[in-house]
Amino acid sequence: METNNESSGDFILLGFSDRPRLEMVLFVVNMVFYFLAVTGNSTIIFLSLADLRLHTPMYFFLSNLSLLDLCYTTSSIPQLQVNLCGPWKTISFIGCVVQLFAFLSVGGIECILLSVMAYDRFVAVCKPLHYLTIMHPQLCLKLAAFAWLSGIANSILMSPLTMSLGRCGHRRINHFVCEMPAIIRISCVDTSRVEGLAFFLAIPIVLVPLTMILVSYGYIAAVVLRIKSAAGRRKAFNTCSSHMVVVSLFYSTIIYMYMQPGNVASQDQGKFLTLFYCLVTPTLNPFIYSLRNKDMKAAMLKVLGKDRSLLDTEGTDGAWNSPQVFTHLRTMVNDNNNKLMIVKT
């Protein structure tokens with residue numbers, strides 16, 4: 001039985017303290033990326049709420065993703081910036097608990113939400129005539145609620161178990177954030193059960209959504225490949241590849257960090273991977289998903305009081321993410337099939 005009180009006192013986040021020069025560089029870089037992430041994601045949320053034309057399933061899910069990205073960055077980057085610019089590297093026990101809970105919650109929610117977004121695109125491409133019927137507002141709300149509740153439930157289960165591990169007075173966390181693998185590493189008791197449970201929960205939280213994403217994009221690719229227009233295929237694959245890049249970056253870091261035992265993962269790699277998916281990915285998401293979209297640009301011009309006709313000369317690349325374009329693709333495929341049937345007869 002441990003005599004010290006494990007539920008009080010501050011933790012020391014070592015972070016990048018062994019590299020003083022790197023700390024100064026990271027402080028500046030983090031400040032720039034954090035500003036871009038907050039600005040970009042806040043813009044998506046505001047425009048999606050302000051413009052009635054953006055009240056569609058796609059932008060509803062994008063708004064949820066932007067909110068999650070804001071939670072990601074806000075739960076870790078401000079604390080990291082304080083530690084980088086000052087001699088104090090501490091975080092209170094309550095602060096560490098809140099940070100761990102936020103990280104686990106948002107990570108689980110985003111995994112499931114990305115699969116929901118992939119399903120939305122699958123319906124838009126493969127069943128365009130039934131898109132509005134299938135993706136009705138009630139279903140969208142239920143899917144978003146399921147993602148949020150699943151991620152929060154996972155965090156409610158894993159956060160107390162992780163923080164209750166005996167640490168024998170060890171409070172020096174070799175990380176810049178209170179993340180589960182880093183906390184497990186300072187434990188002085190057997191952690192196999194906690195790690196086993198984390199691995200088991202990763203199946204429905206990480207692997208099942210990832211499988212659904214791959215299957216959805218597989219069907220989308222099959223439909224797009226049947227389009228004879230080279231320009232149409234190129235535009236579609238460019239859009240899908242952008243989404244898959246974001247999904248790949250997010251899932252690769254999640255799988256690497258959370259599906260390996262805490263004492264196996266490289267600590268230095270873990271720091272930079274965590275910094276990447278809690279700062280760089282939320283910064284890139286607004287530009288990849290929405291800010292290059294013609295509808296989003298039109299909403300921005302409307303808010304700024306400018307003429308939407310300025311977008312008329314931009315072509316259709318910006319609007320390639322809209323369900324209407326996918327419906328047009330599906331119509332092209334059906335027309336090609338009808339022509340082939342006529343030729344055969």
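## Report on a predicted helical and stranded model

Val 215 is found in helix α8, which covers residues 192-225. This is a predicted model. With a relative accessible area of 44%, Val 215 is partly exposed, since that category lies between the 20% limit for buried and the 50% limit for exposed. Its C-alpha atom is separated by 9.3 Å from that of Tyr 119, a residue 96 places away along the chain.

### Overall make-up

The secondary structure consists of twelve helices and three strands. The protein has 345 residues, and 48% of them are buried. Taking contacts between residues at least 6 apart in sequence, 80% join residues at least 24 apart.

### Four residues in three helices

Ser 159 and Leu 141 both belong to helix α6. Ser 159 has a relative accessibility of 5% and therefore counts as buried. Leu 141, by contrast, has a relative accessible area of 53% and is exposed. Leu 279 lies in helix α10, residues 267-291, and is buried at a relative accessible area of 2%. The table sets these residues beside Val 215.

| Residue | Helix | Relative accessible area | Class |
|---|---|---|---|
| Val 215 | α8 | 44% | partly exposed |
| Ser 159 | α6 | 5% | buried |
| Leu 279 | α10 | 2% | buried |
| Leu 141 | α6 | 53% | exposed |

Contacts far along the chain can be given for two of these residues. When neighbours within four places in sequence are left aside, Ser 159 is in contact with Leu 100, Phe 101 and Leu 104. On the same basis, Leu 279 touches Asn 30, Phe 33, Tyr 34, Thr 73 and Ile 77. The C-alpha atoms of Leu 279 and Ile 77 are separated by 7.7 Å, although the two residues are 202 apart along the chain. For Leu 141, a C-alpha separation of 9.3 Å is found to Pro 57, which is 84 residues away along the chain.

### Nonpolar cores

In soluble globular proteins, nonpolar side chains tend to be buried together. The largest nonpolar core here has 58 residues, and the members that touch the most others are Leu 114, Met 117, Tyr 251 and Tyr 289. Helix α4, residues 93-126, supplies the largest share of this core with 15 residues. Beyond its neighbours within four places in sequence, Leu 114 is in contact with Leu 65, Ile 213, Val 247, Phe 250, Tyr 251 and Tyr 289. A second core, separate from the largest, has 20 residues, including Met 180, Ala 182, Ile 183 and Ile 184.

### Buried residues of two helices

Helix α3 spans residues 77-85, and its buried residues include Ile 77, Leu 80, Gln 81, Asn 83 and Leu 84. Viewed down the axis of α3, the buried residues fall within an arc of 165°, so they line one face of the helix. Ile 77 of this helix is also one of the residues touched by Leu 279.

In helix α11, residues 294-304, the buried residues are Met 296, Ala 298, Ala 299 and Leu 301. Gly 305 follows α11 and has a positive phi, near 80°.

### The largest pocket

The largest pocket holds about 270 Å³ of space. It is lined by 17 residues, of which His 55, Thr 56, Pro 57, Phe 60 and Cys 140 are the closest to its centre. Two or more lining residues come from each of α1 (20-50), α2 (57-74) and α6 (137-163). Helix α2 gives the largest share, five residues. By residue type, the lining divides into eleven nonpolar, six polar and no charged residues. Pro 57, one of the residues closest to the centre of the pocket, is the residue whose C-alpha atom is separated by 9.3 Å from that of Leu 141.

How values were computed:
Residues are numbered from 1 along each chain as its sequence is written. This is a predicted model: local features need pLDDT of at least 70, side-chain atom pairs count only at pLDDT 80 or more; totals for chains, interfaces and linings use all residues. Side-chain values use heavy atoms; hydrogens and water are left out. On a 1 Å grid over the protein atoms alone, a cavity is a set of points where a 1.4 Å probe fits but cannot get out, and a pocket is an open set with protein on both sides within 12 Å along at least five of seven lines; lining residues have an atom within 4 Å of a point. Grid points are joined across faces, edges and corners, and a volume is the space filled by probe spheres set on the points. Ala, Val, Leu, Ile, Met, Phe, Trp, Tyr, Cys and Pro count as nonpolar, Asp, Glu, Lys and Arg as charged, and the others, Gly among them, as polar. Buried means under 20% relative accessible area, exposed over 50%, partly exposed in between (1.4 Å probe, protein chains only). The arc is that of the directions from the helix axis to the C-beta atoms. A nonpolar core is a set of buried Ala, Val, Leu, Ile, Met, Phe, Trp, Tyr and Cys residues joined through side-chain atoms within 4.5 Å. Contact means heavy atoms within 4.5 Å.
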